[in-house]
Amino acid sequence: MLVFSINLMSAQGKEISGIVTSAQDKLPLPGVNIMIKGTKTVTTTGFDGQYSIKALPSDVLVFSFIGFQNKEISVGSQSQINAELGEDTNKLNEVVVIGYGTQKKSDLTGSVSVVNVDDAKKTISYDVAKMLQGQAAGVTVQSSGEPGGFVNIKIRGISSFKNNNPLFIIDGILVDDPYDFAPGDIESMQILKDASAAAIYGVRGANGVVIITTKKGKAGGKLNIGFKTLFGVQNVAKKWSLTNREQYQQITSAAEKNLGITVAPGNDPASPAYITNVDTDWQDVAFKTGTIQNTALNVNGGTEGMGYSMNVDYFKNKGYIETPQDYERISTDLNLNGKKGIFSYGTKVAYTQANKASFNEYIAGQSPISDLLGAIPTMPVYDSNRLGGYGGTDNAIQRAISMNVIGFNNLIDNTTKRNHILGNLWFQLELFKGLKYKLAGSFDRVDVQNRRYQPQSDLGWYYVTEALEASLDVSNSNLTKTILDNLLTYDITLGNHKIDALLGYVQQKTDFYNHWSRGVGYPTGTIAEIQYATATNGISAGEYYSKERAKSYIGRLNYSYNDLYFITGNFRQDKSSKFAPENNTGNFYGISGAWKLSNEKFLHLPTWFNTIKLRGGYGELGNNTIGLYAYASTLNSFSAYNFNGKLANGTTSVRTTDPDISWETTATTNVAVDLAFFDNKLQFTGEYYIKKSTDLLINFPIPYSTGSISYADNGFANPDIETNAASIENRGLELTASYRNNDRAFKYGVSGNISFLKNKVLGLGKTNLPIYGAASKTEVGRSVGEIYGYETAGIFQTAGEIATSATQTNAGIGDIKFKDQLTVDTDGDGKFDAADGIINDKDRVYQGVTIPKYNFGFNFDAQYKNWDTSFMFQGAGGNKVFNGMYRNLMAGDYGNHHTDELNYWTPTHTNTNVPRPIIGDPNGNRRDSNRFIEKGDYMRLQNFEIGYSVPLANSKVIQKIRLYANGQNLFTITDYRGYDPDFNSNDGLLSRGYDGGSFPNPRTISLGVQANF
């Protein structure tokens, strides 16, 4: 009887319990799977890392958890088994998200960068795009220090003259601009860089695709609560060297004397109006200490059959400029997912409310920073005698038109409120083993309210807003996108053959509505509402509505044999209402393959050499970033013409268009090698690509005789036609390497990437006429937006030197001498071999590319016991910058000056390269020239963080508390005079290298707490 009882107990097993912890920080791990090997018996750890399971002495427990190495422990006579799991350094085994599906990283055939989210999140930002800076080869990011400002991201160079920003996919929802998205909720990020990988997105994938997956709960999982909060301060790390009152008065007085006019009374010590009591350092006044704060709460877990995750995130950035231009955002996100038998389902609902106060430009396109730096030191910040209470200049006393940026931006109320709703709902049914049907619907709506009120005010000469000029502009718009996906997937394994396929039908509807109203005439004291405008005919309004429809057929086939050979094919057919019916369909495809050479039996590698994988692919993608109905001409049927003194009614073309306008196309060829060594601790990837974009949309000038009378932003007639005519090629090399060692108490990881890029314009229409930008020229055979200007040849020292040099209109002693280039072909051989003796536009030459030849990023992280630290360097180089702000400050006119201007030429000071200051600059000393061209090379310590995890061995509620300090943009190594060589300008296109006064990226120091419960 005793023997029978013992055998029965043995058959049933005994209770095994224990705790599972992380080998890295010794903290409990919730949600770890513990399975009896070879059976379906499984349990999971609770929030405290503890578990219990019944097992036989002969059983083996298998501990597994995402991101950690599996561990097997034999039961034997033990009744308590504690397990310590080490981090999985073999990133090749992780599953990554690709278009409409997932795939093991080791099985990828296209160019897909997997971003280390932990490293990326250490960059504190309102925008997820900013977090990508320096994190992936071939990805360049430009941003400014403006709170909530636009972040410019490009993948593998410029491929369009219209829009180069990539497509973002957030949990399967297509999003054009992720600026209001809470980065802290991100679980993973992948970047599809070549056509073979992104072809599944067809017309939306030409600029690359960033796929973002947010945190999800796990069915049956325990409740987990994560909380984080941080607070930081921001300041400008670098300032321009500008003149003070006495220095300004000295230079400006000299400029007036050199023109032969009297000195302005405010600058003349002999005048009763001479200014001695005002000496404003506008940078010191404007740049204060800004603040940044971010608090987030995440709750996730699961019940039987369903997992859930909810995230609430609050972010506020109070700017570092003495103006109310701040940014504030609150975001919520709820994810539900579950499975019941053959039925799976999920939904996402995310809501964001963002408020942004925008900076104001008096002249469109002129940066407020430019106005700030050009403000003269003899203008006070405040003046109670002027309406509004802010200072200004006087025509008679100072003669300077100078903007009080602080007053201008504090007086004007310019706010934007955005409400953004993202949602999706999907159902999946497994029809039979391997075959699944999925129906998914997504919804994306953005409601925007803009309000700008400019009151009656007096900011000095030229900047007076009269009562009848005071204005209020209000607009309300909404953009709604709905997408319906019907997807059929099938995967099967037949021996060594593995196949998975995807077929789909996608429908998209986009609707936009905008209503605007304007009121003019608001005397001081008037209620700032549209209906109270007092000017005659001072109220106006209008509305606009547009709709776009699209449908697509998609397909993908993945095949692999014996973990050796891999082939992937992608196809998408897009049909869009943006184009005429005969041109509205485009077919896009990609094909790629890979060979795991290291798995071949004939290749005998050393034990330390783990992986050799060769990849290659080709594909074509589209770009439809064009306005609606751009193929349709516009007519004005109310035109009149004078015939013999009599007006006759008629119709005229308002804008001439190309009815055959169609998609832009980008074709990419990509070859790569993946290597892994030392148990996959050391990994390396090298990729080379050729990316050719054709049928690019550009605007060509056309004769006035066509009747097209469209107008440019400056109000002048600008007859042109938009058509598919240009082509560009980008060639590049990308290298990525990483090493991680968690074998000892001191654990560390190192990763780096560098990319090289060469850009070339292949065509600019039938005529191939060049396109000019700000100090730039885009021409066939050269890079987009190369700097183009004059070369200097010293300073004229005598009248005789002027007389014997090339003709230079209005040149005087002390002015810049410009080089007379070879512009004449004397022997008819097609090569210029002589100068023409005249300084004119023909003497401008190319002086450097503006697209960086290389970009790089370097990450390091380490942990020892409860301490951890990390840092990230990022930079670029090989490009030139035209410093337009420095040019403005070296003008020698009535605006403020750089201190370099103090070294100006005089008859007794001739050993200098700074010309004489002179009002009006008759010689054009400040024309586009190499005086203002600088190297754009830089290396920045983008991020440094140190943290301490508080020991909590006896706590059953608190899993982790980590305290940390973070520094961002701590220092930049560069020779550039301006605030930052990595400025955000003109979407990085035709005038990419022109710095007209960029917002400085601030240095940020923050303290934070992370806690898990």
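This note walks through a predicted model of one protein chain, from its overall build to a few single residues.

1. **Overall build.** Strands dominate the list of elements by count: the chain has 53 strands and 9 helices. Its radius of gyration is 33 Å, and the globule rule gives 31 Å for 1013 residues. Those two values are close, so the chain is as compact as a globular protein of that length. Along the principal axes, the C-alpha trace spans about 125 × 65 × 65 Å.

2. **Inside and outside.** How many of the 1013 residues count as buried? The share is 51%. The chain exposes about 44,600 Å². Carbon and sulfur atoms supply 56% of that exposed area.

3. **Contacts along the sequence.** Take the contacts with a separation of 6 or more. Of these, 69% are between residues 24 or more positions apart.

4. **Charges.** The chain carries 94 positive and 98 negative charges. The mean positions of the two sets are 7 Å apart.

5. **The largest nonpolar core.** In soluble globular proteins, nonpolar side chains tend to be buried together. Here the largest nonpolar core has 43 residues. Which residues have the most contacts inside it? They are Phe287 and Ile321. Five helices each give two or more residues to this core: H4 (245-259), H5 (282-286), H6 (368-374), H7 (405-411) and H9 (884-889). The largest share, 4 residues, comes from H4.

6. **Ile321 and a second core.** Look at Ile321 and set aside residues up to four places away in sequence. Ile321 then touches Ala286, Phe287, Lys288, Phe359, Ile369 and Phe999. A second core is separate and has 33 residues. Among them are Ala120, Tyr126, Val139 and Ile170.

7. **Arg1003.** This residue sits in strand S53, which covers residues 1003-1012. Is Arg1003 buried or partly exposed? Its relative accessible area is 26%, so Arg1003 is partly exposed. Beyond its neighbours within four places in sequence, Arg1003 is in contact with Val233, Gln234, Asn235, Ala237, Gln968, Asn969 and Leu970. Gly878 is 125 residues from Arg1003 in sequence, and the two are 25 Å apart in space, C-alpha to C-alpha.

8. **Tyr100.** Check the backbone here. Tyr100 is not a glycine, yet its phi is positive, near 60 degrees. The residue lies in the loop between strand S8 (95-98) and strand S9 (101-104). Its relative accessibility is 19%, so Tyr100 counts as buried. The cut-off for buried is under 20%.

9. **Asp921.** This is another residue with a positive phi that is not a glycine; the value is about 50 degrees. Where is Asp921 found? It is in the loop between H9 and strand S49 (933-935). With a relative accessible area of 9%, Asp921 is buried.

10. **Pro523.** The loop between strand S27 (497-520) and strand S28 (539-561) holds Pro523. At 29% relative accessibility, Pro523 counts as partly exposed. Which residues does Pro523 touch, not counting those up to four places away in sequence? They are Gln456, Ala467 and Thr534. Pro523 and Ala467 are 56 residues apart in sequence, while their C-alpha atoms are 4.5 Å apart in space.

Technical notes
Residues are numbered from 1 along each chain as its sequence is written. This is a predicted model: local features need pLDDT of at least 70, side-chain atom pairs count only at pLDDT 80 or more; totals for chains, interfaces and linings use all residues. Side-chain values use heavy atoms; hydrogens and water are left out. The radius of gyration is taken over C-alpha atoms; the globule rule is 2.2 Å times the number of residues to the power 0.38. Buried means under 20% relative accessible area, exposed over 50%, partly exposed in between (1.4 Å probe, protein chains only). Contact means heavy atoms within 4.5 Å. Accessible areas come from the Shrake-Rupley method with a 1.4 Å probe; for residues, only the protein chains shown count as cover. Lys and Arg count as positive and Asp and Glu as negative; His and the chain ends are not counted. The place of a charge is taken as NZ of Lys, CZ of Arg, CG of Asp or CD of Glu. A nonpolar core is a set of buried Ala, Val, Leu, Ile, Met, Phe, Trp, Tyr and Cys residues joined through side-chain atoms within 4.5 Å.
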